[in-house]
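Hi everyone, thanks for coming. I'd like to walk you through one structure today, cysteines to begin with and then what lies inside and on the surface. Let's put it on the screen.

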Amino acid sequence: MEAALLVQGQQRQQASANIVFYPGNSGTGTIANQDRNWAQYGLPPRGLYHLEYRVQLRHIPYDKNGFPIQINPTLDPVEYFRQADRVYFDLRHLYYRATGAYNQEGTYNDSDLPPVCIPKQPGSLDITLNLSDFGLPYDYTVTLGGRRIDANTIEWALDEQPNRCVNVQGVNVLIYRVWGRLRANLQLVPAEWNGSCARSFNLLISPVDGDAGNQLNGELYALCWHNDQARIDVEVRQIDYTARGGQPDALPPDNPHILYTFTDSEDVEFMLYGDANGDGAVDDADLLTVLFEFGRAGRDLAGDVNGDSVVDDTDILIVLFQFGRTYGDCCRNCPPPE
């Protein structure tokens with residue numbers, strides 16, 4: 001048995017124990033209780049902390065000479081990607097051109113295209129993207145089917161016919177067909193925590209093969225008229241991006257040694273009570289936030305400083321009693337006990 005506690009993707013505590021069975025043994029065995037603690041003294045820096053607990057049970061057989069029989073299926077970059085549950089995607093540049101009933105061309109640069117965290121089903125190579133993130137003039141989500149080219153290369157492809165009429169900048173447009181592909185190299189790198197996706201990733205993902213491997217196309221029709229006079233052809237080229245993915249703790253496929261795996265996680269946020277806008281101080285800005293939202297009810301209201309899903313007199317009193325305080329002003333960094 002192996003167990004571990006991770007904070008922000010870094011292992012802070014570990015425990016392990018064994019049960020040994022010899023030939024002729026009968027009955028059951030019990031793993032001894034494991035007691036491990038991890039403490040951080042002093043007030044942690046303000047912010048969100050991700051805690052993760054992992055437990056794994058393994059079975060290792062021995063041969064007649066007493067040597068362990070180890071079966072170690074290998075993990076390559078594609079397999080690390082397969083077991084991930086999300087991908088950090090930062091589009092840096094692209095060129096687009098529309099021709100036909102409507103003519104326009106231009107580029108998007110890194111500052112125009114904010115990074116996104118893409119959900120992904122563990123066990124699959126497929127990814128889901130919104131085409132508006134690629135400069136296409138409509139909000140439409142597609143799934144790109146992934147296929148393994150080799151141990152370090154993946155190609156994602158799509159060819160869909162939405163046949164959907166949408167409004168683009170005040171004009172109705174028929175999205176008739178969307179097709180294209182993305183081809184990328186996967187490079188194993190040291191695991192690094194990614195705050196946007198709340199995951200540690202060990203893969204750097206980069207485009208390869210230029211426009212031949214990375215392109216998107218659209219067949220559109222102005223005013224939703226499906227005829228040649230209204231047709232608009234859209235091309236997206238010069239796609240440049242960087243992405244992060246992978247699962248640092250991925251399990252080798254079909255490993256007979258793994259009997260059971262358990263993972264649990266939670267997020268803990270350290271903040272100043274009464275700090276409505278999250279800037280680390282209770283001041284006029286927090287009082288105004290509560291006053292502007294006074295009387296509102298619902299979840300995730302900034303003015304609801306006591307978390308009871310309503311902004312009322314209690315929240316005002318909390319801000320007034322805490323007024324002038326900053327995060328950490330009531331505490332000091334205490335040394336570990338002797």
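C165 and C224 are joined by a disulfide, with 1.8 Å from S to S. Please keep in mind that this is a predicted model. The torsion about the S-S bond of C165 and C224 is about 85°, so this disulfide is right-handed. The pair links distant parts of the chain, 59 residues apart: C165 is in strand β10, residues 164-168, while C224 is in the loop between β13 and β14. How accessible are the two ends? C165 has 46% relative accessibility and therefore counts as partly exposed. C224, at 23%, counts as partly exposed too.

How many disulfides does a search of the whole structure find? The search finds 2. The other bond I want to show you runs from C117 to C197, with 2.0 Å from S to S. Here the torsion about the S-S bond is about 135°, so this disulfide is right-handed as well. C117 sits in strand β6, residues 116-119, and C197 in the loop between β11 (171-194) and β12 (199-207), so the bond ties together parts that lie 80 residues apart in sequence.

Is C197 buried or exposed? C197 counts as buried, because its relative accessibility is 1% and the cut-off for buried is under 20%. Its partner C117, at 31%, counts as partly exposed. If you count the bonded cysteines along the chain, the disulfides follow the pattern 1-3, 2-4.

Now back to the loop between β13 (215-222) and β14 (231-245), because W225 lies there too. W225 has 52% relative accessibility, so this tryptophan counts as exposed. Together with V171 and L223, W225 makes a nonpolar surface patch of about 300 Å².

Let's go inside. Which residues have the most contacts within the largest nonpolar core? They are F81, F134, W156, I205 and Y241, in a core of 43 residues. Take W156 as an example. Leaving aside neighbours within four places in sequence, W156 is in contact with a list of residues that includes F81, I205 and Y241, which we have just met, as well as L125, I127, L144 and L182. Glycines are on that list as well, among them G145, G146 and G180, and so is R181. There is also a second, separate core of 12 residues, including A276, V282, V305 and V319.

That's my tour. I'm happy to go back to any part of it on the screen.

Conventions. Residues are numbered from 1 along each chain as its sequence is written. This is a predicted model: local features need pLDDT of at least 70, side-chain atom pairs count only at pLDDT 80 or more; totals for chains, interfaces and linings use all residues. Side-chain values use heavy atoms; hydrogens and water are left out. Patches are made of residues with over 30% relative accessible area and no salt bridge: like charges are joined within 9 Å, nonpolar side chains (Val, Leu, Ile, Met, Phe, Trp, Tyr) within 5 Å. Accessible areas come from the Shrake-Rupley method with a 1.4 Å probe; for residues, only the protein chains shown count as cover. A salt bridge is a side-chain nitrogen of Lys or Arg within 4 Å of a carboxyl oxygen of Asp or Glu. Helices (H or I, at least four residues) and strands (E, at least two) are DSSP runs, numbered from the N terminus. Buried means under 20% relative accessible area, exposed over 50%, partly exposed in between (1.4 Å probe, protein chains only). A nonpolar core is a set of buried Ala, Val, Leu, Ile, Met, Phe, Trp, Tyr and Cys residues joined through side-chain atoms within 4.5 Å. Contact means heavy atoms within 4.5 Å. A disulfide is a pair of cysteine sulfur atoms within 2.5 Å.
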